[in-house]
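Please open the structure in your viewer and keep the sequence panel beside it, since this tour moves from one selection to the next and says at each stop what is to be found there.

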Amino acid sequence: MAQGDSFARMLEIMKRQGKAFNGYDMTTASIVGVEPLSIAINGQVIEDHIFYNGLITSNKDEELQEILDAEEFISDGLKQFLLDLYKELRVQPDDQVLVQRVGNSFFICGKVAG
């Protein structure tokens, strides 16, 4: 593009401004390990600066089942719902998660259904 072309200059300004105000990249990652949590993005394993909320990284299926079995005043439907919810929020190796990278921090937004 010619340097004197006003349209070319305007286009370059728009590109620079777009870079400055674009949001952060989001991608999917695979869970590699859960204690401590580690993820892999494009084959690169990341173990530090991972932040997550609303995911369960421990495996307490039997413990939860015992607690729910001991509760007399909870309906079977609610018990099943709680078990299903727990299983949906728990991550295990090879699960896929949605990750947003901000600098060198990785924020897990949620588990990818699949």
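Contact, in what follows, means heavy atoms within 4.5 Å. Please also keep in mind throughout that this is a predicted model.

**Stop 1: Met 26 and its contacts**

Begin by selecting Met 26, whose place is in strand 1, residues 26-34. Leaving aside the neighbours within four places in sequence, Met 26 is in contact with Leu 98, Val 99, Gln 100 and Cys 109. If you now add Val 99 to the selection and draw the distance from C-alpha to C-alpha, you will find that Met 26 and Val 99 are 5.5 Å apart in space, although 73 residues apart in sequence. Is Met 26 buried or exposed? Met 26 falls between those two classes and counts as partly exposed, because its relative accessible area is 43%, and the buried class is kept for values under 20% while the exposed class needs over 50%.

**Stop 2: the sheet**

Next, display the strands as a cartoon and follow the open sheet of 6 strands, which has the order 3-2-1-5-6-4 and mixed pairing. At its edges you will come to strand 3 (44-46) and strand 4 (50-52), each of which pairs on one side only. Looking along the sheet, you may also notice that neighbouring strands are turned against each other by 40° on average, with direction ignored. In general, strands of a sheet pair through backbone hydrogen bonds, either parallel or antiparallel. For an antiparallel example, select strand 5 and strand 6, which are joined by 6 bridges. Within this pair, Arg 101 stands opposite Phe 106 in strand 6.

**Stop 3: three loops with backbone features**

Leave the strands themselves and turn to the loops that link them. In the loop between strand 1 and strand 2 (37-41), select Pro 36, and then include Glu 35 so that the peptide bond from Glu 35 to Pro 36 is visible: this bond is cis, with omega near 0°.

Moving on to the loop between strand 2 and strand 3, select Asn 42, which has a positive phi of about 50° although it is not a glycine. Asn 42 is exposed, because its relative accessible area is 78%, where the class requires over 50%.

In the loop between strand 3 and strand 4, select His 49, which likewise is not a glycine and yet has a positive phi, here of about 60°. His 49, at 45% relative accessibility, counts as partly exposed.

**Stop 4: the salt bridges**

Now show the charged side chains as sticks. Side chains of opposite charge can pair when their charged atoms come close. How many salt bridges does a search of the whole structure find? The search finds 3, and they can be visited one after another.

Start in helix 1 (residues 6-21), where Lys 15 and Glu 12 both lie, 3 residues apart, or about one turn of the helix. Lys 15 forms a salt bridge with Glu 12, and the closest N and O atoms are 3.8 Å apart. Both partners count as partly exposed, with Lys 15 at 42% relative accessibility and Glu 12 at 33%.

Then select Asp 61 and Arg 90, whose salt bridge has its closest N and O atoms 2.5 Å apart. Because Asp 61 lies in helix 2 (residues 61-70) and Arg 90 in the loop between helix 3 and strand 5 (96-102), the pair ties together parts that are 29 residues apart in sequence. Asp 61 counts as partly exposed at 28% relative accessibility, whereas Arg 90 is buried, with a relative accessible area of 10%.

Finally, select Lys 111 and Asp 95, which form a salt bridge with the closest N and O atoms 3.6 Å apart. Lys 111 lies in strand 6 (residues 105-111) and Asp 95 in the loop between helix 3 and strand 5, so this pair ties together parts that are 16 residues apart in sequence. Here Lys 111 counts as partly exposed at 31% relative accessibility, while Asp 95 is buried at 18%.

**Stop 5: a nonpolar patch**

To end the tour, switch to a surface view and select Leu 78, Phe 81, Leu 82, Leu 85 and Leu 89, which make a nonpolar surface patch of about 400 Å². Of these residues, Leu 89 can be picked out in helix 3 (residues 76-89), and at 31% relative accessibility Leu 89 counts as partly exposed.

Key
Residues numbered from 1 in each chain as written. Predicted model: local features only at pLDDT ≥ 70, side-chain atom pairs only at ≥ 80, totals over all residues. Heavy atoms only, no water. Patch = residues over 30% accessible without salt bridge, like charges linked within 9 Å, V, L, I, M, F, W, Y side chains within 5 Å. Areas by Shrake-Rupley, 256 points an atom, 1.4 Å probe, with all protein chains shown as cover. Salt bridge = Lys/Arg side-chain N within 4 Å of Asp/Glu carboxyl O. Helix = DSSP H or I, 4+ residues; strand = E, 2+ residues; numbered from the N terminus. Buried < 20%, exposed > 50% of the residue type's maximum accessible area, 1.4 Å probe, protein only. Pairing = 2+ DSSP bridges. Axes fitted to C-alpha atoms, helices over the stretch in contact; angles between N-to-C directions.
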